[in-house]
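User: I am new to this structure and would like to know how its labels are earned. Please set each value against the rule behind it.

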Amino acid sequence: MHTRIINLEAERGTIYSADGSMLSTSIPFFNIYIDFGAEGLREKNGKRFRDNIDSLSIGLAAIFRDQTAAEYKKQLQYGFRKKDRYFQLKKNIDFNQYKQLRELPLVRQGRNKSGFIAEVKSKRLNPFGLLANRTIGLARENAQNVGLERTYDSLLKGESGKKLVRFIAGGVAVPVEGYEVEPENGNDLVTTLDVNIQDIAENALLKMMIENEAEHGTCLVMETATGKIRAIANLGKRGEGEYWEDLNYAIRASEPGSTFKLATMLAVLEDQKVHIGNHVNLENGVWKVNGRTVFDSERHNRTDVTVQQAFELSSNVGMAKLAMNYYSRNPMQYIEHLRKLHLHEFSGIDLVGETRPVIKTPKSKTWSATSLPWMSFGYEVLVSPLQTLMVYNAVANNGRMMKPYLVEEVRENGLVVKKNDPVVLEEKICSEATLRQLKTCLEGVVTNGTAKSLQTPYYKIAGKTGTALVANGNRGYADHIYQSSFAGYFPAENPKYSIIVVIKNKPHAVKYYGGAVAGPVFREIADKLFALHGSQVPVSTAVLPGKDSSAFYYAGESHEVRRVLEKLKVPFVDSAREMEWTSVYAGQDYKPVLQKRMVVKQHMPSVKGMGLKDALYLLESLNLKVVAKGKGKVVEQSVEPGALITKGNTVTIELN
């Protein structure tokens, strides 16, 4: 009646990024109890306890720093007098403290002689905090898990063990020695996520969300050739300017808007209804069909344009006309193309919580005379950002559609027990002729169309903007809430990554077009990935800028500048010698040259070209007060170099 078998929880497996960084792991914590009734502790009238209590108390005070040695001694003596069989000494100490505790006098003599009992607990931590938090998930005791923690729960949690315990006064359970079955620890997961790419995507998305006071947003980065998800960022507004990974918007279906026009173009081109050089009348951006009016997002005076131009301009009228002209008598012919693109079914990604997409057919209850034209430009359909990205990635991947996935390997005790390889969903989503035309159109959007602002001289971008009006419950479309999106890939000639950005804006947002809101997020991510993997990306067809050394000017602490250049294996000429501060400028053939930067007491030094850290350190070491504006490197300073200064002078520096 006083004993019971209880479960011993297994140590949960760790979730790693592709480069081996811990994304979610279990950290051990210890509750420390003392059995003051232990025979070894009380033999010879407690001589062992009395001989060690002073040194033990001093050790406890040194480790935990929360009580004096005298207070610890008093506490221990109280428990000894009461013969407490399960005296609680400390709760939730970490592993380092536990290691130190085990080396203390008395404790190191073992459980039977010291009475010390350690109860091991574990806490689940995401070391990177916000980074991919919703996708990774967090194993919680009193709430449902989400993300990978939930999808792979059976693998991560392992097998529970058993332990016999004896209940004593107060309902306290004391382990019975020798009656224990060890638990089997859970397996580890190695994901496809790249911490650097995730960080880039998360920060680029967050910056635009804050700037535009957006409601929520998502960003996905997929490796073109494999379907591996390298980053998946989800941010929702939960306070005044505060954002958190609250829902996985990447796998939630919604009306995609104009990014869906790629599917419409694929259908008409693949069925050889049109060629991108054929013409279509845009009717000045307003066209009535079956009692409803189709509007282009911006009023214009365009009429006769090519099919390619209609796509580049993101014309709703153009797409609706193509759909009605060629599929009004047989809508299923159009819908079959959407099905071949797998837009009617789950993406298959290894995440629980994906919402079901909706692709209407003439048999659907909500099908109407205007369903087909509205579907052609991304309304009356529900697909997730991930599904849209799969289509763009297939075009980038020469027609091969890949299944997206997040887990690369499952490991048991460090050994690979399961490996996930790339899966091809469709070997060819369309013919080569159609593919060439689609690529031309997607590149044209960036060179001539709605995403011209995203052009860069270093590599080519291909993609499509989207701006969808979103209903707000019973208020309908009155609040003018727009969902801005951009889906595309780069470099266009030999794509390495496909990216989609979808942001839901606040009501009556001043800036809401896909090219102005989602596009810059895409461009920032692409720029940084190009910088990270530039050596692996061909730039032969990019338009390189002419020689210009105006931005090639840096300054800082000499030792650090040398270390950076050496680490990057950039050859340089060192004229600074042993000077503490140096400037870097472009010498012959743009080879970096380090030159002396003199610092003389009571004279204002030049801090131009320095980062904020170096500039602050140098100026404050001269007893100057500093006001800094902007970010980047110093471009202007309010007191000219060489001017006399006195203690407490204020200098304003501008960074850019």
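User: Why is tryptophan 374 called buried?

Analyst: The model is a predicted one. In it, tryptophan 374 has 9% relative accessibility, and buried means under 20%, so tryptophan 374 counts as buried.

User: What makes phenylalanine 377 buried or exposed?

Analyst: The relative accessibility of phenylalanine 377 is 4%. The cut-off for buried is under 20%, so phenylalanine 377 is buried.

User: How do you know which label fits phenylalanine 30, and which fits phenylalanine 95?

Analyst: Phenylalanine 30 has 5% relative accessibility and therefore counts as buried. Phenylalanine 95 has 39%; exposed needs over 50% and buried under 20%, so phenylalanine 95 is partly exposed.

User: Why are the rings of tryptophan 374 and phenylalanine 377 called a tilted pair?

Analyst: Their centres are 5.7 Å apart, and rings pair if the centres lie within 6.5 Å. Their planes stand at 50°; under 30 degrees would count as stacked and over 60 as edge-to-face, so the pair is tilted.

User: How many aromatic pairs does this rule give?

Analyst: The count comes to 17 aromatic pairs. One of them joins phenylalanine 30 and phenylalanine 95, with 6.2 Å from centre to centre and 35° between the planes, and this pair is tilted. Phenylalanine 30 belongs to strand S3 (residues 22-34) and phenylalanine 95 to helix H3 (residues 95-102), so the pair ties together parts 65 residues apart in sequence. Elsewhere, ring pairs link Phe36, Phe49, Phe80 and Phe87 into a cluster.

User: What makes arginine 42 count as a charge over a ring?

Analyst: Arginine 42 lies over the face of phenylalanine 80, at 4.0 Å from the ring centre. The distance limit is within 6 Å, so 4.0 Å satisfies it. The charged end of lysine 90 likewise sits over the ring of phenylalanine 64, 4.8 Å from its centre.

User: Why is glutamate 412 called partly exposed?

Analyst: At 40% relative accessibility, glutamate 412 falls between the limits of 20% and 50%, so the label is partly exposed. Glutamate 412 is in strand S19 (residues 407-412). Its C-alpha atom is 4.9 Å from that of asparagine 187, although 225 residues separate the two along the chain.

User: How do you know that strand S31 pairs with other strands, and in which sense?

Analyst: A pairing needs at least two bridges. Strand S29 (residues 625-630) and S31 share 6 bridges in the parallel sense, so these strands pair. Strand S30 (residues 634-637) is joined to S31 by 3 bridges and runs antiparallel to it, so that pairing qualifies too. Across from valine 627 is threonine 652 in S31, and glutamate 636 has glutamate 654 in S31 as its bridge partner.

User: Which side chains of S31 are buried, and which are not?

Analyst: Val651, Ile653 and Leu655 point to one face of S31 (residues 650-655) and are buried. Thr650, Thr652 and Glu654 point to the other face and are not buried. In a regular strand the side chains alternate between the two faces of the sheet.

User: What makes up the lining of the second largest pocket?

Analyst: Its lining has 14 nonpolar, 15 polar and 9 charged residues. The pocket holds about 920 Å³ of space. Of the 38 lining residues, those closest to the centre are Phe295, Asp296, Ser297, Glu298 and Asn316. S22 gives the largest share, 5 residues.

Note on methods: Residues are numbered from 1 along each chain as its sequence is written. This is a predicted model: local features need pLDDT of at least 70, side-chain atom pairs count only at pLDDT 80 or more; totals for chains, interfaces and linings use all residues. Side-chain values use heavy atoms; hydrogens and water are left out. Buried means under 20% relative accessible area, exposed over 50%, partly exposed in between (1.4 Å probe, protein chains only). Helices (H or I, at least four residues) and strands (E, at least two) are DSSP runs, numbered from the N terminus. Rings of Phe, Tyr and Trp (its six-membered ring) pair if their centres lie within 6.5 Å; planes under 30 degrees apart count as stacked, over 60 as edge-to-face and the rest as tilted. A charge sits over a ring if NZ of Lys or CZ of Arg is within 6 Å of the ring centre and within 35 degrees of the ring normal. On a 1 Å grid over the protein atoms alone, a cavity is a set of points where a 1.4 Å probe fits but cannot get out, and a pocket is an open set with protein on both sides within 12 Å along at least five of seven lines; lining residues have an atom within 4 Å of a point. Grid points are joined across faces, edges and corners, and a volume is the space filled by probe spheres set on the points. Ala, Val, Leu, Ile, Met, Phe, Trp, Tyr, Cys and Pro count as nonpolar, Asp, Glu, Lys and Arg as charged, and the others, Gly among them, as polar.
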